[in-house]
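Biologist: Can you put the model up? I'd like to go through it with you.

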Amino acid sequence: MAKQYWLVKAEPEDFSIADFEKSKNQTTYWSGVRNYQARNFIRDEMKVGDGVLFYQSNTEPTAVVGICKIVRSAYPDFTQFNREDKHYFPSATEENPIWFMFDVQLESKLKLPVTLAKIKTNSKLKNMRLVQRGNRLSVMPITKAEWDEIIKISEK
DNA sequence: GCCAACGTTGGC
DNA sequence: GCCAACGTTGGC
């Protein structure tokens, strides 16, 4: 399958671009997704080598700040089995996991953050799920055209 | 299977 | 911190 493109969100309080840069091999596992639609994207469509934009929400400014790639595709999210974990999910079992995670590596920090404000005013980006009403997906697909446009904006 | 109540997300 | 939008839960 051709390379696909994604956008993932995190609150810097939980995981920031600085945390990402400090991670071993600039790689992290992406756990804690508890939305079925996002889960399906992860489980069924994400492939090693896919491109990922890293977006920071609930901060100032909210913006795409990094370019990453998938280095390991879906495997069971271990936090669902851990009673002590915030993301514990009692109905999931090792035999029948419900939630999945993946590993993602930071390739580069954008020269300039691409803010939500900029995305909203760019006609090429108006169809992104990110700017659609009430969107709450933390993992969403984007098109190659959107990927290219965001990278272009980040360079000037 | 409806739908009210509740919890969460996330921009502002 | 507020609150609108949305997903999930659970009583009936």
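Modeller: In this predicted model, a polar side-chain atom of Tyr 55 lies 2.8 Å from a phosphate oxygen of DNA strand B. That is a polar contact, a pair of N or O atoms within 3.5 Å.

Biologist: Which polar backbone atom is 3.2 Å from a phosphate oxygen of that strand?

Modeller: One of Asn 58.

Biologist: And what lies 2.6 Å from a base oxygen of DNA strand B?

Modeller: A polar side-chain atom of Arg 136.

Biologist: Which residues surround DNA strand B?

Modeller: Among them are Lys 9, Ser 57, Thr 62, Lys 120 and Leu 137. Near means a heavy atom within 4 Å. Sugar and phosphate make up 74% of the strand B atoms that come within 4 Å of the protein.

Biologist: How does that surface divide by class?

Modeller: Three nonpolar, four polar and three charged residues.

Biologist: New topic. How much space lies in the largest pocket?

Modeller: About 710 Å³.

Biologist: Which lining residues are closest to its centre?

Modeller: Lys 9, Ala 10, Asp 14, Ser 31 and Gly 32, out of 19 that line the pocket.

Biologist: Which element gives the most to that lining?

Modeller: β2, with three residues. β1 (5-10) also gives two or more.

Biologist: And the classes there?

Modeller: Five nonpolar, eight polar and six charged.

Biologist: Any ground rules?

Modeller: Residues are numbered from 1 along each chain as written, and chains are lettered from A and ligands numbered from 1 in written order. Local features need pLDDT of at least 70, side-chain atom pairs need 80 or more, totals for chains, interfaces and linings use all residues, and side-chain values use heavy atoms, without hydrogens and water.

Key. Polar contact = N/O pair within 3.5 Å; in protein donor to acceptor, adjacent residues only side chain to side chain. Nonpolar A, V, L, I, M, F, W, Y, C, P; charged D, E, K, R; others polar. 1 Å grid on protein atoms, 1.4 Å probe; cavity = no way out; pocket = protein on both sides within 12 Å on 5 of 7 lines; lining within 4 Å. Points joined across faces, edges and corners; volume = space filled by probe spheres on them. Helix = DSSP H or I, 4+ residues; strand = E, 2+ residues; numbered from the N terminus.
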